[in-house]
Amino acid sequence: MNTKELALARSKNVPVGVVTAHPIFFDRALGSEAWDTDGKRYLDFVGGIGVLNVGHNHPKVVAAVEKQLKRVSHAAFQVAGYDVYVDLAARLNKMVGGMDAYKTIFLTTGAEAVENAIKIARAHRNVPGVIAFRGGFHGRTLLGTTLTGMSAPYKQNFGPLAGDVYHTPYPDPYLGFSSKDAIQALQDLFATQISPDRVAAIILEPVQGDGGFREAGREFMQALRELTQQHGIVLICDEIQTGFGRTGEMFGFQAAGIQPDLVTVAKSLAGGLPLSGVVGRAEIMDAPAPGGLGGTYAGSPLACAAALAVLDIFEEEKLVEKGRQLGEILRSGVDALAKKFSQIGTVRGIGPMIALEFVLDNDPFKPDASFAQAVIDGCRERGLLVIKCGIHRNNVRLLAPLTTSMEQAEEALDILGAAISGAADR
């Protein structure tokens with residue numbers, strides 16, 4: 001079927017609650033490029049929403065999945081184990097924990113990873129409270145939606161939501177809210193809503209993804225780590241979007257020079273296959289009793305095999321270093337656009353995790369979501385796929401695969417500039 005026929009079939013068969021950012025249908029994809037069912041080629045700077053840091057259909061991922069498919073495609077780890085699960089856990093434990101004792105559980109989705117991280121923290125602390133941040137995104141399940149610090153479109157009329165979850169402001173210097181302000185707000189929450197001895201965990205993204213690529217920053221992350229250690233609170237870094245080279249480090253927390261207690265991973269872990277995990281200190285991970293953790297498809301053998309291939313690709317192709325280079329090129333190009341177009345209020349993110357925030361009258365408190373959408377549509381028309389983010393949906397985010405060539409990056413920047421110019425001339 002062509003795009004028009006598929007659009008009609010989608011309207012008939014898929015509920016309206018499932019939104020698709022672009023009115024196209026992929027037919028095939030490779031690396032940083034994709035072609036729709038009408039044969040049009042696109043540079044894909046969405047990457048399945050940060051899932052394809054190694055690019056579409058990397059040959060080594062494809063080969064690893066094909067090999068595993070001929071061995072064991074599914075077993076359920078609670079029934080019988082398999083080597084790729086254990087091998088992958090060992091590698092992640094070392095990558096996250098270094099020489100310390102860490103353990104890993106695998107699941108299927110990012111929301112599952114977040115939910116299980118909270119379960120583990122509560123079991124360890126034996127108290128119920130959880131603190132998350134305004135603007136954070138942690139999934140679409142009941143608890144994930146509760147933890148998410150945005151009302152629309154995620155909370156809608158889905159309540160009552162989960163209990164014992166509290167939200168506090170996230171630092172944002174562009175809006176005049178410093179890391180010291182954010183720590184003081186957290187202290188105020190302790191004084192007015194829940195005492196720290198009743199808090200099991202604090203969860204945050206080192207760089208907020210759907211919330212607008214807002215960076216927590218080194219100062220805030222270190223102060224938060226000190227505060228959680230002071231009170232014995234489990235610090236959970238949600239690295240679902242920031243992990244695997246997206247911020248210029250393998251994990252976002254590494255840029256802050258801290259060590260979290262638990263880390264949630266997903267998205268680019270398995271090169272496009274559904275796999276997530278919680279990696280954490282062994283004494284915390286062992287808190288739930290036998291039978292408290294698991295899932296029928298959790299840690300699929302096919303996905304674990306793909307993830308091992310992804311980690312090999314990162315080592316062999318030096319993708320973290322390539323990601324830094326890509327980030328420098330994109331940042332330089334976007335900064336140049338920010339000087340040219342007054343509609344760009346600020347550029348957010350670090351490394352190859354970059355977003356442009358669009359505002360009216362150069363005022364950070366006048367978000368311009370319609371302009372951002374016009375830029376997104378203009379990019380698509382010219383052959384570049386990007387999506388929006390931010391609590392006001394006025395940011396355009398770039399999630400280019402780390403395998404993107406310098407030529408493709410320059411092409412994308414040219415398209416982006418033309419789209420912004422077109423939107424400004426509306």
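Helices (H or I, at least four residues) and strands (E, at least two) are taken here as DSSP runs, numbered from the N terminus. The model is a predicted one, in which local features need pLDDT of at least 70 and side-chain atom pairs count only at pLDDT 80 or more, while totals for chains, interfaces and linings use all residues. Residues are numbered from 1 along each chain as its sequence is written, and side-chain values use heavy atoms, with hydrogens and water left out.

A starting point is F358, which has its place in strand β12 (residues 353-358). With a relative accessible area of 0%, F358 is buried, a word that stands for under 20% relative accessible area, whereas exposed stands for over 50% and partly exposed for what lies in between (1.4 Å probe, protein chains only). When its neighbours within four places in sequence are left aside, F358 is in contact with Q343, I344, G345, P367, D368, F371, A372, V375, N394, V396 and I420, contact being heavy atoms within 4.5 Å.

Strand β12 also takes part in covering a helix, since the buried residues of α12 pack against α11, β11 (344-350), β12, β15 (395-398) and α14 (406-424). Helix α12 (residues 319-340) has 22 residues, which at 1.5 Å a residue should span 32 Å, and its end C-alpha atoms are 31 Å apart, which agrees; the expected span is 1.5 Å times one less than the number of residues. The buried residues of α12 are L319, V320, G323, L326, G327, L330, G333, V334 and L337. They cover an arc of only 150° around the axis, which puts them on the same side of α12, the arc being that of the directions from the helix axis to the C-beta atoms. An α-helix has 3.6 residues a turn, so residues three or four places apart point the same way. The face of α12 turned away from the buried side carries E328 and K339, which are exposed.

From F358 one can turn to V84, which is 274 residues away in sequence and 45 Å away in space, C-alpha to C-alpha. V84 is one of the buried residues of α4, alongside Y85, L88, A89, L92, N93, V96 and G97. Seen down the axis of α4, these buried residues fall within an arc of 165°, so they line one face of the helix. Their cover includes α3 (59-69), β4 (102-107), α9, β9 (262-265), β10 and α11 (301-316). After α4 comes G98, whose phi is positive, near 65°.

The loop between α3 and α4 holds A76, which counts as buried at 11% relative accessibility. The C-alpha atoms of A76 and S300 are separated by 7.4 Å, although the two residues are 224 residues apart along the chain.

Helix α8 (residues 218-231) has 14 residues and reaches 20 Å from its first C-alpha to its last, close to the 20 Å expected at 1.5 Å a residue. In α8, the residues F220, M221, L224, R225, L227 and T228 are buried. Seen down the axis of α8, they fall within an arc of 165°, so they line one face of the helix. On the other side of α8, E226, Q229 and Q230 are exposed. The elements that cover the buried residues of α8 include β5 (129-133), α7 (179-192), β7 (199-204), β8 (234-238), α9 (252-255) and β10 (276-281).

Some features of the backbone deserve a look as well. F213, in the loop between β7 and α8, has a phi near 60°, a positive value in a residue other than glycine, and at 0% relative accessibility F213 counts as buried. N57, in the loop between α2 and α3, has a positive phi of about 50° although it is not a glycine, but N57 is partly exposed, with a relative accessible area of 47%. A cis peptide bond joins A152 and P153, with omega about 0°, and the peptide bond from G159 to P160 is cis, with omega near 5°.

Lastly, there is the largest pocket, which holds about 1,500 Å³ of space. Its lining consists of 49 residues, of which I49, R140, K267, I387 and R397 lie nearest its centre. On a 1 Å grid over the protein atoms alone, a pocket is an open set of points where a 1.4 Å probe fits, with protein on both sides within 12 Å along at least five of seven lines, and lining residues have an atom within 4 Å of a point. Grid points are joined across faces, edges and corners, and the volume is the space filled by probe spheres set on the points. Helix α2 gives the most to this lining, with 3 residues.
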